[in-house]
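Here is a walk through a two-chain model, taken one helix, ring and loop at a time. Have the coordinates open and follow along.

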Amino acid sequence: MADLTAPFARATTALALLAVDPGGLGGLAIRARSGPVRDALVAMLAVLPVPLARLHPAMTDEALFGGLDLSATLAHGGVVMNRGLLADPSALCLAMAERCPAQMAARLALAMDEGRGHLLIALDEGAEADEGLPPALAERMAFSVDLSDVALGDVTGFGPEPEELAAARAALSSVIVPDEAVVQVVEVCAAFGIATARAPVFAMRAARANAALAGREAVEASDLEVAVALTLAHRATQLPEPAPEEEPETPPPESQPDEGERQEAEGEGLTLPDELLLEAVRALLPDDLLARLAGRKARAARGSGSGAAKKGNRRGRPLPPRAGRLGDGARIDLVATLRAAAPWQTIRASASDRAGLHIRTGDIRLKRFEDKSDRVLIFAVDASGSAALARLAEAKGAVELLLAQAYARRDHVALIAFRGTGAEILLPPTRSLVQTKRRLAALPGGGGTPLAAGLRAAMELADHARRRGLTPTVVILTDGRANIALSGEANRPQAAQDAQGMARALASAGVEALVIDTGNRPEAALKVLSDILGGTYLPMPRADAKRLSGAVSAALGD
Amino acid sequence: MKQPFPFSAIVGQDEMKLAMILTAIDPSIGGVLVFGDRGTGKSTAVRALAALLPPITAVEGCPVNSETPAEVPDWAGLDTRRVAERPTPVIDLPLGATEDRVTGALDIEKALTKGEKAFQPGLLARANRGYLYIDEVNLLEDHIVDLLLDVAASGENVVEREGLSIRHPARFVLVGSGNPEEGELRPQLIDRFGLSVEVASPKEIDTRVEVIRRRDAYDTDHAAFMLRWQAEDAAIRDRILTARKGLKELRTPDKTLTDVAGLCLALGSDGLRGELTLLKAARAYAAWRDDTALGRAHLRDVAGMALRHRLRRDPLDEAGSGTRVARIVEEVLG
């Protein structure tokens with residue numbers, strides 16, 4: 001057995017197992033920049049018993065699933081259909097898989113679910129931690145290897161010969177899986193916090209393929225070890241509870257070949273302790289697992305990790321065209337329009353005596369683009385108490401300054417004031433300078449500090465803005481001494497608790513936040529609040545408008 | 001293509017299975033929304049549904065599955081008047097589907113080869129009297145959602161284009177599944193689903209082992225596995241048919257109506273759709289259990305799936321709306 005701690009050996013082993021059981025293992029995700037190492041592995045895909053089809057994320061449905069071949073149809077006077085790439089069983093090699101949009105991922109996932117013999121080789125070229133495969137695809141592939149740190153010198157050859165693979169394929173269905181193996185695999189999944197049921201299914205099939213490849217009639221301990229290491233390690237979401245100190249003589253890894261050699265009569269030979277299986281996975285866990293898990297959570301809250309996307313008709317990445325009317329700055333998609341008009345030509349020509357193309361309004365197809373959405377800055381301003389008036393003036397100034405900047409950056413600005421017993425939306429998201437100034441001038445101050453109510457109003461506004469395709473960022477200006485609870489009663493502990501609860505809700509909604517402490521002394525409670533929000537904390541006693549807007553710009557990273 | 005995994009062989013996930021059975025008993029309940037993590041059997045259950053549904057009688061070759069020859073639309077150009085049994089349609093609406101494919105459009109083949117203006121029905125026509133399934137429903141494009149909302153509300157699909165003026169019935173049960181982490185669903189669309197269930201991976205080792213065992217048997221010993229479970233599926237199908245008959249005779253005491261109204265009032269669910277769905281779901285459930293009268297026990301068991309997606313979101317309630325429904329059911333029904 002190859003040393004599975006070496007990433008490249010892991011990749012070739014995974015590939016061998018895929019070649020043995022192409023229909024049942026889903027596929028292999030390869031995370032690596034394009035280069036000789038990845039090329040070496042991609043060249044080995046030839047061992048797979050199915051033809052290779054190359055895909056890229058911008059592929060149209062027609063190319064994938066087939067459709068009417070318009071030019072051939074017109075030329076022949078009869079319908080000619082294109083065969084899509086997914087029509088026949090194949091190994092789909094998806095380049096730049098990290099850029100695969102969710103829609104395409106969902107359709108590929110559907111094709112894989114239908115069990116028509118597709119397997120997926122996803123080439124993930126993501127450079128940052130938050131770039132990665134669409135979860136729907138990652139879920140459906142048994143294996144995942146990271147070749148980023150593999151040097152060309154570490155590249156090894158592919159092990160099994162084609163005849164061996166063919167023999168293993170033939171023997172696959174007769175390999176016996178002992179019952180306790182299933183239990184063991186499920187327990188390992190539970191220990192590593194792997195919830196999906198696909199993972200243990202893949203592990204069992206990988207073990208079976210490995211046994212078939214080794215010419216065994218039943219799955220053995222060593223097969224299981226290979227299988228869990230390859231299929232489960234990258235799915236781990238937690239480290240197993242440390243085992244209670246019970247066996248001082250934990251069998252060293254060297255002892256397991258002997259174990260494999262033992263008679264496998266009646267599945268009796270399968271005595272690999274669970275601890276060893278756990279070890280097999282643990283050995284392959286990246287060192288920074290916990291850090292990555294924390295990162296993953298933050299990313300999950302923000303959506304797919306590709307940033308908030310919005311559809312428009314002016315700029316950005318092209319999307320499929322759709323029918324519509326010209327006007328309002330929309331641009332016509334000429335080719336799509338002609339395609340839409342083409343089938344009608346015979347009919348229209350016979351109804352009219354005019355020669356040439358007949359295009360009607362219904363044929364018009366518009367270009368659509370996906371663009372990074374505009375940002376809306378939601379200011380939640382504490383307008384309470386006596387000092388409020390001074391702060392309020394600063395906040396007003398800052399909003400005006402930011403509005404001027406936002407005008408250039410195409411950001412929107414909204415303003416919420418909270419005082420007394422509740423919060424009030426003074427200004428819904430706008431870019432209008434005049435309107436903002438007018439509303440700001442009328443902002444009164446005084447009363448208690450209903451921080452939770454302010455946060456709730458900000459959250460509602462953020463929710464609303466997001467539904468309109470804007471990306472909200474909440475900026476909270478307060479001295480943090482919350483004393484009015486959500487219910488409106490003056491109750492300091494309850495108020496603090498409500499504020500933290502709302503902050504948690506905001507954070508889980510994935511809204512970016514920035515807390516600006518306007519008190520004379522930095523307030524510890526606000527630091528806590530900003531940590532809950534997962535945002536930036538800026539202590540700014542006596543904030544003035546210029547510094548405030550500078551701080552906001554800096555914290556927002558532009 | 002392999003036959004889908006049998007419905008009855010799905011381990012656990014009782015609420016999801018029950019919700020699907022209830023819509024099969026009474027399609028007017030209006031669809032199921034299944035939300036949950038990946039790998040919990042959402043897609044498996046929906047794809048298995050088709051085998052469970054009793055066949056419908058429809059005019060042979062009719063593109064909209066009309067029940068009687070009189071209902072066959074003119075544009076279908078059908079000569080036959082023969083009525084035959086066919087399986088209840090379960091139509092997949094793929095995410096990238098274009099508007100033309102969903103609503104139907106000009107028949108390109110006829111237009112190009114014969115210069116004829118003919119209508120080629122789309123997915124909505126095929127789903128009439130059956131099920132329309134959208135996987136990853138929360139990623140569906142907005143303009144397709146609008147279209148579905150419109151058709152689901154009117155029960156009719158209207159295509160108007162340059163001399164093509166087509167209307168055909170499009171009444172279907174909407175089944176959607178998705179993972180809420182990947183995108184939110186518009187409230188208007190959520191409201192169209194009668195029932196909603198949240199699925200999670202089973203926590204017990206034994207259950208999970210059983211899941212893997214059955215899946216393994218399905219993959220490796222396909223024929224025998226299907227034979228074993230198809231019988232169970234058939235038993236469920238028969239029970240659904242019995243329940244459909246029982247539904248007509250079911251008594252609904254006034255007291256239950258008061259309970260339903262009280263429950264929805266206490267929950268503050270928007271609109272009256274909640275009450276109606278809860279009542280229908282409870283009736284279907286009672287029929288499924290072969291009871292003759294509706295009672296509180298039925299309400300209690302289906303209140304969660306009928307109401308949890310109709311509550312206003314409360315950002316401070318971390319336990320989720322399911323718990324809120326359960327708590328209020330406890331309070332109101334005692």
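## What covers helix α10 of chain B

This is a predicted model, and a good place to start is α10 of chain B. Among the elements that cover its buried residues are α11 (273–288), α12 (296–307) and α13 (321–333) of chain B. The helix itself runs over residues 254–267, 14 residues in total, and reaches 20 Å from its first C-alpha to its last, close to the 20 Å expected at 1.5 Å a residue.

Which residues of α10(B) are buried? They are B:Thr256, B:Asp259, B:Val260, B:Leu263, B:Cys264 and B:Leu267. These cover an arc of only 125 degrees around the axis, so they sit on the same side of α10(B). Turn the helix over, and the face away from that buried side shows the exposed residues B:Asp254, B:Lys255, B:Thr258 and B:Leu265. Just after the helix comes B:Gly268, with a positive phi of about 65 degrees.

## Aromatic pairs

How many aromatic pairs does a search of the whole structure find? Over all chains, the count is five. One of them, B:Trp75 with B:Phe119, is edge-to-face, with 4.8 Å centre to centre and 80 degrees between the planes. This pair links distant parts of the chain: B:Trp75 is in the loop between β2 (56–59) and β3 (83–86) of chain B, while B:Phe119 is in strand β6 (residues 119–121), 44 residues apart. B:Trp75 counts as partly exposed because its relative accessibility is 21%, whereas B:Phe119, at 7%, counts as buried.

The rings of B:Phe225 and B:Trp229 are arranged in another way: their centres are 6.2 Å apart and their planes are at 50 degrees, so this pair is tilted. Both residues belong to helix α9 (residues 222–249) of chain B, four residues apart, or about one turn of the helix. B:Phe225 and B:Trp229 are both buried. They also join B:Phe5 and B:Tyr218 in one aromatic cluster.

## Arginines over tryptophans

B:Trp229 has another partner to look at: B:Arg228 lies over the face of its ring, at 3.9 Å from the ring centre. Elsewhere, B:Arg239 lies over the face of B:Trp288, at 3.8 Å from the ring centre.

## Helix α8 of chain B and its neighbours

Helix α8 (residues 205–220) of chain B has 16 residues, which should span 22 Å at 1.5 Å a residue; the end C-alpha atoms are 22 Å apart, so the two values agree. Its buried residues are B:Thr207, B:Arg208, B:Val209, B:Ile212, B:Arg214, B:Asp216, B:Tyr218 and B:Asp219. What do the buried residues of α8(B) pack against? They meet α8 (179–191) and α9 (198–213) of chain A, together with α9 of chain B. B:Tyr218, one of the buried residues here, is also a member of the aromatic cluster described above.

## A buried loop residue

B:Leu52 is found in the loop between α2 (42–49) and β2 of chain B. Is B:Leu52 buried or exposed? It counts as buried because its relative accessibility is 1%. Leaving out residues up to four places away in sequence, B:Leu52 touches B:Phe7, B:Ile21, B:Asp233, B:Ile236, B:Arg237 and B:Ile240. From B:Leu52 to B:Ala19, 33 residues away along the chain, the C-alpha separation is 13 Å.

## Chain A in outline

Chain A holds 21 helices and 16 strands, and 49% of its 558 residues count as buried. Among contacts in chain A with a separation of 6 or more, 76% are between residues 24 or more positions apart. Helix α1 (residues 7–20) of chain A is largely enclosed by the rest of the structure, because 13 of its 14 residues are buried. Further along, A:Ala551 lies in helix α21 (residues 545–556) of chain A and, at 13% relative accessibility, counts as buried. A:Ala551 and A:Leu514 are 37 residues apart in sequence, and 9.9 Å apart in space from C-alpha to C-alpha.

## Where to be careful

The average pLDDT of chain A is 76, and 76% of its residues score at least 70. Residues 243–272 of chain A stay under 50, and the model has 31 contacts beyond four places in sequence for them. Residues 292–307 of chain A also stay under 50, with 19 such contacts. Where pLDDT is low, the predicted coordinates should not be read in detail.

Definitions and conventions: Residues numbered from 1 in each chain as written. Chains lettered and ligands numbered in written order. Predicted model: local features only at pLDDT ≥ 70, side-chain atom pairs only at ≥ 80, totals over all residues. Heavy atoms only, no water. Helix = DSSP H or I, 4+ residues; strand = E, 2+ residues; numbered from the N terminus. Expected span 1.5 Å × (residues − 1). Buried < 20%, exposed > 50% of the residue type's maximum accessible area, 1.4 Å probe, protein only. Arc of directions from axis to C-beta. Contact = heavy atoms within 4.5 Å. Phe/Tyr/Trp six-rings, centres within 6.5 Å; stacked < 30°, edge-to-face > 60°. Lys NZ or Arg CZ within 6 Å of the ring centre and 35° of its normal. pLDDT = per-residue confidence, 0-100.
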